[in-house]
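Me: Please take a close look at the annotated site in this model. Then set it against its surroundings and the rest of the chain.

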Amino acid sequence: MRNVTPVKVGGLTLDGKHIYIQSMLNVPSTDIEGSVAQAVSLEKAGCEIVRAAIPNMDAVALIPAIKEKISIPLVADIHFDYKLALAAADAGIDKIRINPGNIGDMEKVRAVVKKCTEKHIPIRIGVNGGSLEKDILAKYGSPCADALVESAMGHVKILEQCDFGDIVISLKSSNVNIMVEAYRKLAALCCYPLHLGVTEAGTERMGIIKSSIGIGSLLVDGIGETIRVSLTDSPEKEIYAAKDILKAIGRGSGVQIVSCPTCGRTRIDLIGLAKQVEELTRNVEKDIKVAVMGCVVNGIGEAGEADIGIAGGDGKAVIFAHGEKLYTVSEDKALQALMDEIEKL
């Protein structure tokens with residue numbers, strides 16, 4: 001496990017003991033009511049840290065409006081204008097995402113650092129493969145892993161020169177291989193908490209695949225304190241995908257579903273059944289394993305570790321627990337029977 005210097009974000013501590021799920025509002029910053037509603041929805045879905053773009057001074061009004069309605073930390077996403085960072089800090093923001101090398105001279109950087117120090121607000125340095133400094137791009141010829149790391153460490157050095165250490169770093173690329181390589185190299189160079197993500201990952205299907213590979217590979221290595229699955233879709237789907245990634249590596253909570261891919265022995269609508277079970281258990285907080293298997297030939301044995309499960313038959317299903325048969329029900333009653341058993345656990 002990587003040694004991490006703890007950083008507090010609101011009431012949370014980024015220290016590697018828990019992987020926090022993030023997302024970002026995609027409602028226009030001019031729509032305060034819509035932004036508040038989406039922030040509330042994200043928190044209900046399981047988001048633990050939410051970020052909002054603050055492109056101008058008018059958008060600063062989002063901060064108190066959102067914080068009044070949610071209990072999770074709120075992050076201000078700011079580019080170039082240090083005055084926006086100062087205003088966000090005064091408005092009660094919990095973390096600021098800004099690159100100190102992009103906000104002008106050191107006096108401006110010191111002003112932001114001074115304000116963040118006074119209010120105990122951490123700064124996330126967010127390096128993106130699509131917006132690297134021109135001199136770094138010229139040096140490396142492309143937004144490679146080494147270019148991302150050099151950019152990040154350059155921004156870190158600026159903050160460290162101001163005696164500021166409440167730093168979180170992200171190194172995002174749309175290329176999964178570059179993203180993974182960059183984070184691994186950065187993790188060996190510093191102890192700051194890392195926020196993981198594949199940027200511009202795409203729409204739901206490919207975005208989840210790329211994020212699962214990139215984020216999952218790093219988490220298995222013990223790298224990463226917060227994650228965001230970036231999707232060109234509703235941000236609630238980012239939360240569900242992130243929760244599933246954490247479940248898959250044994251770092252998440254909630255229901256974990258195992259199901260077989262079906263074969264010629266299957267005699268019930270297992271695909272439809274599995275999808276219904278997944279949807280109905282999405283917000284169940286119990287840390288249990290639920291199996292949805294196609295037949296009893298090897299279904300119960302393969303899913304013997306499941307806390308509860310179904311094994312299909314010819315128009316019927318066996319309800320089982322920990323590899324032992326409990327009873328048989330007709331196919332039309334299988335879903336309700338399974339949900340009833342989950343409720344008992």
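Reply: UniProt positions are given in the numbering used here, with shortened feature names, and an annotation may be inferred rather than shown by experiment. That caution applies here, since the UniProt entry is unreviewed; under "binding site" it lists Cys260, Cys263, Cys295 and Glu302. The model itself is predicted.

Two of the listed residues can be placed in one loop. Cys260 lies between strand 11 (256-259) and helix 10 (270-280), and Cys263 is found in the loop between these two elements as well. Cys263 has a relative accessible area of 40%, so it counts as partly exposed. For Cys260, the contacts beyond four places in sequence are with Leu270, Val292, Met293 and Gly294.

Do these cysteines bond to one another or stand apart? Cys260 is in no disulfide, and the nearest cysteine sulfur, that of Cys295, is 6.7 Å away. A disulfide requires sulfur atoms within 2.5 Å. By that rule the chain has 0 disulfides. Cys190 is another example: its closest cysteine sulfur is in Cys191, at 6.8 Å, which is too far for a bond. Cys190 has a relative accessible area of 9%, and is therefore buried.

The elements around the site come next. Helix 10, which follows the loop of Cys260, buries Leu270, Gly272, Leu273, Ala274 and Val277. Leu270 is thus both a buried residue of helix 10 and a contact of Cys260. The buried residues of helix 10 pack against strand 11, strand 12 (289-293), strand 13 (308-312) and helix 12 (331-344).

Strand 13 leads on to a pair of hairpins. It pairs with strand 14 (residues 316-321) in the antiparallel sense, over 4 bridges, and Ala311 stands opposite Val318 there. The hairpin has 3 residues between the strands, and Gly315 in it takes a positive phi near 75°. Strand 14 is joined in turn to strand 15 (residues 324-330) by 6 bridges, again antiparallel. Here the bridge partner of Ala317 is Val329. This second hairpin has 2 residues between its strands, and His322 has a positive phi near 50°. Strand 14 is largely enclosed by the rest of the structure, because 5 of its 6 residues are buried.

Now the wider frame. The chain is divided into domain 1 (7-249) and domain 2 (255-344), and 39 Å separate their centres, taken over C-alpha atoms. Along its principal axes the C-alpha trace of the chain spans about 75 × 45 × 30 Å. The chain has 12 helices and 15 strands, and 51% of its 345 residues count as buried. Among contacts with a separation of 6 or more, 63% are between residues 24 or more positions apart.

Away from the site, there is an open sheet of 8 strands with parallel pairing, in the order 8-7-6-5-4-3-10-9. Strand 8 (167-172) and strand 9 stand at its edges with a single partner each, so one side of each lacks a neighbour in the sheet. Within the sheet, strand 4 (residues 49-53) pairs with strand 5 (residues 74-77) over 4 bridges, in the parallel sense, and Arg51 stands opposite Val75. Strand 5 is covered on both faces: Leu74 and Ala76 are buried on one side, Val75 and Asp77 on the other. Strand 3 (residues 20-24) and strand 10 run parallel and are joined by 2 bridges, one of which pairs Tyr20 with Thr226.

Helix 8 (residues 204-220) has packing partners in this sheet. Its 17 residues reach 23 Å from the first C-alpha to the last, close to the 24 Å expected at 1.5 Å a residue. Buried in helix 8 are Gly207, Lys210, Ser211, Gly214, Ile215, Gly216, Leu218 and Leu219. The spacing fits a general rule. An α-helix has 3.6 residues a turn, so residues three or four places apart point the same way. The buried residues of helix 8 pack against helix 7 (176-189), strand 9 (195-196), strand 10 (226-227) and helix 9 (235-248). Helix 8 is followed by Gly222, with a positive phi near 85°.

Note on methods. Residues are numbered from 1 along each chain as its sequence is written. This is a predicted model: local features need pLDDT of at least 70, side-chain atom pairs count only at pLDDT 80 or more; totals for chains, interfaces and linings use all residues. Side-chain values use heavy atoms; hydrogens and water are left out. Contact means heavy atoms within 4.5 Å. Buried means under 20% relative accessible area, exposed over 50%, partly exposed in between (1.4 Å probe, protein chains only). The expected span of a helix is 1.5 Å times one less than its number of residues. Two strands pair if DSSP finds at least two bridges between them. Domain bounds come from an automatic or database domain assignment.
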